[in-house]
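Biologist: Pull this one up for me, please. I'd like to go through the sheet, the helix packing and a few odd residues.

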Amino acid sequence: MEMTTILHSSLTNPPFTAHLSPSKFPRSFSTPFRLRTSLSFSPSLPPKSFPTNCSVSDDTTSSANVATVDLSIALKKKATDVSADLRGTSIFLVGMNNSVKSSLGMLLADLFRYYYFDSDALVSEAAGGESAAISLKESDEKGFRESETEVLKQLSSMGRLVVCAGDGAVQNSTNLALLRHGISIWIDVPLDMVAKGIIGNKSLLLSSEIAISGSYSEVLSQLMALYEDMRRGYATADATVSLQKVAYQLGYKDMDAVTTEDITMEVLKEIERLTKVKKMMEAAARPF
């Protein structure tokens with residue numbers, strides 16, 4: 001089926017509203033795909049952190065606040081340093097859907113002055129809402145997967161984006177090729193944390209094969225099976241950032257202590273490494 005699209009967007013000055021124009025989506029969609037997403041850049045907002053269960057004294061809290069401010073400044077400096085070589089290249093975040101990945105994506109977009117999109121959210125909008133998307137997936141798997149590919153086609157044709165990609169992004173060679181239009185990073189989060197997040201937020205399941213109908217242990221068991229199916233696709237990413245590894249490097253015994261800023265710094269370091277390698281390869285390819 002022809003999937004020709006025309007992209008009408010205004011991506012100049014924040015805040016913005018981007019419109020992905022009506023497309024010839026699978027017949028299962030009752031309405032054309034039209035994105036209405038507003039994102040205000042607000043670098044002055046306090047940084048977000050993952051919740052922890054620790055109680056601390058006022059002195060400890062004050063020290064932590066200073067450390068957070070210092071890290072926030074360091075993040076802005078690192079992002080500025082990386083931006084010159086990045087040259088507007090889009091960033092695709094792959095991995096199990098979870099709040100760590102989405103929080104990271106939004107902060108990364110803010111640091112680079114990029115635009116943030118969640119591909120599963122766009123698929124839901126195209127289908128007419130989250131419930132409609134889930135029904136479509138159950139009744140027309142092929143049509144649902146085609147819509148995922150269409151969303152990725154439109155996003156990969158644009159620049160200056162941070163995209164949280166759903167599991168469909170790594171399930172076939174066409175989608176994997178579309179990720180090559182930018183830098184792809186696998187955000188590897190422990191499955192027990194993903195399972196807890198899924199139980200609290202069903203929307204994280206949109207593009208996966210998991211169904212919430214049992215206990216935490218049952219959801220975790222399903223996630224483990226899905227992870228094995230997806231791992232090869234995740235591993236094709238340009239870089240991997242592991243939450244467990246970040247926690248170890250920072251000396252945290254509890255992975256809940258890792259903040260959005262902590263993992264964002266590791267992602268920025270990976271992007272910096274990749275852009276430097278690309279720059280070196282381009283220089284080597286130039287004739288004498």
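**Sheet, helices and loops**

Biologist: Which residue stands opposite Val-163 in β6?
Modeller: That's Phe-92. Strands here, like helices, are DSSP runs numbered from the N terminus (strands E, at least two residues; helices H or I, at least four).

Biologist: What kind of model is it?
Modeller: It's a predicted model, where local features need pLDDT of at least 70 and side-chain atom pairs count only at pLDDT 80 or more, while totals for chains, interfaces and linings use all residues. Residues are numbered from 1 along each chain as its sequence is written, and side-chain values use heavy atoms, with hydrogens and water left out.

Biologist: Back to β6. Which strands does β6 pair with?
Modeller: Strand β4 (residues 91–94) pairs with β6 in the parallel sense over three bridges, and β5 (residues 115–118) does so over four, also parallel. Two strands count as paired if DSSP finds at least two bridges between them. On the β5 side, Asp-118 stands opposite Cys-164.

Biologist: And are the faces of β6 buried or exposed?
Modeller: Both faces are covered: Leu-161 and Val-163 on one side, Val-162 and Cys-164 on the other, all buried. Buried is under 20% relative accessible area, exposed is over 50% and partly exposed is in between, with a 1.4 Å probe and protein chains only.

Biologist: What's the strand order in the sheet?
Modeller: β5-β6-β4-β7-β8, an open sheet of five strands with parallel pairing. The edges are β5 and β8 (239–242), each pairing on one side only.

Biologist: Which helix packs on β5 and β6?
Modeller: Helix α3 (residues 119–127) packs on the sheet and touches both strands, its direction making about 65° with that of β5. Contact means heavy atoms within 4.5 Å. Axes are lines fitted to C-alpha atoms, for helices over the stretch in contact, and angles run from 0 to 180 degrees between N-to-C directions.

Biologist: New topic. How do α2 and α10 cross?
Modeller: The axes of α2 (residues 99–112) and α10 (residues 260–285) come within 9 Å and cross at roughly 60°. The crossing is right-handed, which means the near helix is turned clockwise from the far one by less than a right angle; anticlockwise would be left-handed.

Biologist: Which residues of α2 meet α10?
Modeller: Among them are Leu-104, Leu-108 and Phe-112, and the α10 side includes Val-267, Leu-268 and Ile-271.

Biologist: What does Phe-112 touch, leaving aside its sequence neighbours within four places?
Modeller: Ala-79, Val-82, Ser-83, Leu-86, Arg-160, Leu-268 and Ile-271.

Biologist: Which residues touch the most other members of the largest nonpolar core?
Modeller: Ile-91, Phe-112, Ile-185, Ile-187 and Ile-271, out of 69 residues in that core. A core here is a set of buried Ala, Val, Leu, Ile, Met, Phe, Trp, Tyr and Cys residues joined through side-chain atoms within 4.5 Å.

Biologist: Now the odd ones. What is phi of Arg-113 near?
Modeller: Near 60°, a positive value in a residue other than glycine. Most residues other than glycine have a negative phi. Arg-113 lies in the loop between α2 and β5.

Biologist: And where does Arg-160 lie?
Modeller: In the loop between α5 (141–156) and β6, and its phi is also positive, about 60°. Arg-160 counts as partly exposed because its relative accessibility is 37%.

Biologist: How many helices and strands are in the protein chain?
Modeller: There are 10 helices and eight strands, and 45% of the 288 residues count as buried.
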